[in-house]
Amino acid sequence: MKRELKKFESTMWLCIKLLLYILLMGTFMFIMSRENRALGVLSRTMGITFSTYCVVGLLFLNIYGRYDVGRRKSKPIIYSLSLAVLFTDVVTYIQLMIMNTITPSIYAFRLDSLGSLLLSFLVQVMIIIVFAYGGNGLFFTIHKPESCCIVTSSQESLDNIVRGILKYKKQYKIDYIMDYKAKNLFETVGKADTVFIHDVPLDVRSRIVRFCYKNKINIYFNPEIEDIVEMSAKYYLLDDVSVLNANVKAWTMEQRVMKKLLDMSLAIVLGILTSPIWIVSAIAIKAYDGGHIFFKQKRATLNGRVFEVYKFRTMKEHVENHSVTDDDDRITKPGKILRKIRMDELPQLINILKGDMSFVGPRPEMLENVRAYEDQLPEFRYRLRVKAGLTGYAQISGKYNTSPKDKLMMDMIYIEEFSILRDIQLIFQTAIVLLKSDSTEAFRTNETRKYIFKEAQETKTEEQ
């Protein structure tokens, strides 16, 4: 009976997803057809526009994320799908305008029906909002939170993983907290639907993973360097012997040339497009206190080379230099606006043109932070195998309170899985950062304090 219910539910969600995607495309086609009659009848224009929307839509859904209710919150789904639809609408609109150009003249191409394009996007966003909240509401009506067991090694590690789990209270319910050294570890793990393994020695983690796999228990564990290397490895057969090969050499010459061309072209284009923001920002900063427009600070890049990063000055001059805190009184009024919309980073385009930075790469850390992080985590220096970047995994997915180790893992995944297509994907995903309200979230411990780590008295675990 359960098997039939699961099949029915899978079919139901497939139908809901198809309905959503059909409504999004249908909205664009219907509204745009009011001023473009060829879209309302079987024609070459309709066929090409339909095909363009499908292909481009799938591309941007792969970049930003699909309709995955139950795994993500409603707002991230709304942001992702809205951005995917926006870019799909714009590309398909431009294709349609080209199709409407019937005179072989440079003056024939016109951007008509802009009002219809805007109306189409607004209606699509409303559809996405209804499906996101409605879909998650339906999912969590059907599914109760999974019973979870956290296996960890200290109170600090417990606080770190709990902070993440508590963001998804509808998905997970923390029922068990275990020290990995506990004698009854596997007995307790067997009671849970899902196990979170955080900061546990690799040999113990391997045994827990094998136990969970055997008993069909969902597993989450924080990656180590070995896992990142394994993720990027390729499967090979030496005669009939299975092996994984991890190529940890530097990027090829072709990859470096392509990345340099991408950096230079994007920096020039974005510099021109954002020039009005540069002018307004410079005037606002100068008018506020008469100080310098730009802020320069020493940062580390490829192979630890030190360079001066450029930013619009968002703080008062001649104040103590340390990481920003909540309600920091050093930040000026123009600086608050620039930080909120992330435009204080624009002058780093100059660093990209100078060759100090790349468009995508690990965040350039302050030298004080680099030294402090490397004292605690020697592997942190691995992220300096490539140039620092204006955007990247850590900048997009991380927050102000993301731990150095988690930042390192994000950067290492980028380094080991590098490709030009991945760079382009991350550049598009950077738009999500402008919509996120929690990317500068400070660490809060109030909610995590009720989850107490009790160190096991026993030092031996027995696998069931």
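A residue counts as buried when its relative accessible area is under 20%. That cut-off is used throughout this walk through the chain, which is a predicted model.

Helix H15 is a suitable place to apply it. In H15, the buried residues are Lys-407, Leu-408, Met-409, Met-410, Asp-411, Met-412, Ile-413, Tyr-414, Ile-415 and Glu-416. Because ten of the 13 residues of H15 are buried, the helix is largely enclosed by the rest of the structure. The cover over these buried residues includes helix H8 (225-231), helix H9 (253-273), strand S9 (357-360), helix H14 (393-397) and H16. The length of H15 can also be checked. The helix covers residues 404-416, and at 1.5 Å a residue its 13 residues should span 18 Å; the C-alpha atoms at its ends are 18 Å apart, so the two values agree.

H16, one of the elements that cover H15, spans residues 420-435 and contains Asp-423. Is Asp-423 buried or exposed? Its relative accessibility is 0%, and therefore Asp-423 counts as buried. Apart from residues within four places in sequence, Asp-423 is in contact with Lys-259, Leu-262, Val-360, Tyr-414 and Phe-418. Of these partners, Tyr-414 is itself among the buried residues of H15.

The next stop is a sheet. Its four strands follow the order S2-S1-S3-S4, the sheet is open, and the pairing is parallel. Strand S2 (172-179) and strand S4 (218-221) are the edge strands, each pairing on one side only. On average, neighbouring strands in this sheet are turned by 20 degrees against each other, direction ignored.

Strand S1 (residues 146-152) pairs with strand S3 (residues 194-197) in the parallel sense, over four bridges. Within this pairing, Cys-149 has Val-195 of S3 as its bridge partner, and Val-151 has Ile-197 of S3. On the other side of the pattern, S3 and S4 run parallel and are joined by four bridges. Val-195 appears again here, with Ile-219 as its bridge partner in S4.

In a regular strand the side chains alternate between the two faces of the sheet. S3 can be read in that light: Thr-194 and Phe-196 point one way, Val-195 and Ile-197 point the other way, and all are buried. Helix H5 (residues 155-165) lies across S1, S2 and S3, and runs at about 155 degrees to S1.

The cysteines can be taken together. A disulfide is a covalent bond between the sulfur atoms of two cysteines. How many disulfides does the model contain? With a cut-off of 2.5 Å between cysteine sulfur atoms, the count comes to zero. Cys-15 is in no disulfide, and the nearest cysteine sulfur, that of Cys-54, is 18 Å away. Cys-15 counts as partly exposed because its relative accessibility is 47%. Cys-212 is likewise in no disulfide; the nearest cysteine sulfur, that of Cys-149, is 8.4 Å away. With a relative accessible area of 0%, Cys-212 is buried.

Another buried polar residue is found in helix H4 (residues 114-142), which holds Gln-124. Gln-124 counts as buried because its relative accessibility is 0%. What lies 2.7 Å from a polar atom of the Gln-124 side chain? It is the backbone oxygen of Leu-24. Leu-24 is also among the residues that Gln-124 touches beyond four places in sequence, together with Thr-27, Phe-28, Tyr-53, Val-85 and Asp-89.

The last stop is helix H13 (residues 367-376), where Val-370 is placed. Val-370 has a relative accessible area of 9%, so it is buried. Not counting neighbours within four places in sequence, Val-370 is in contact with Ala-300 and Glu-365. Val-370 and Ile-22 are 348 residues apart in sequence, and their C-alpha atoms are 49 Å apart in space.

Glu-374 is in helix H13 too. An α-helix has 3.6 residues a turn, so residues three or four places apart point the same way. Leaving out residues up to four places away in sequence, Glu-374 touches Phe-380, Arg-381 and Leu-384. The C-alpha atoms of Glu-374 and Ile-228 are separated by 19 Å, with the two positions 146 residues apart along the chain.

Key. Residues are numbered from 1 along each chain as its sequence is written. This is a predicted model: local features need pLDDT of at least 70, side-chain atom pairs count only at pLDDT 80 or more; totals for chains, interfaces and linings use all residues. Side-chain values use heavy atoms; hydrogens and water are left out. Helices (H or I, at least four residues) and strands (E, at least two) are DSSP runs, numbered from the N terminus. Buried means under 20% relative accessible area, exposed over 50%, partly exposed in between (1.4 Å probe, protein chains only). Contact means heavy atoms within 4.5 Å. The expected span of a helix is 1.5 Å times one less than its number of residues. Two strands pair if DSSP finds at least two bridges between them. Axes are lines fitted to C-alpha atoms, for helices over the stretch in contact, and angles run from 0 to 180 degrees between N-to-C directions. A polar contact is a pair of N or O atoms within 3.5 Å; within protein, one must be able to donate a hydrogen and the other to accept it, and residues adjacent in sequence count only if both atoms are side-chain atoms.
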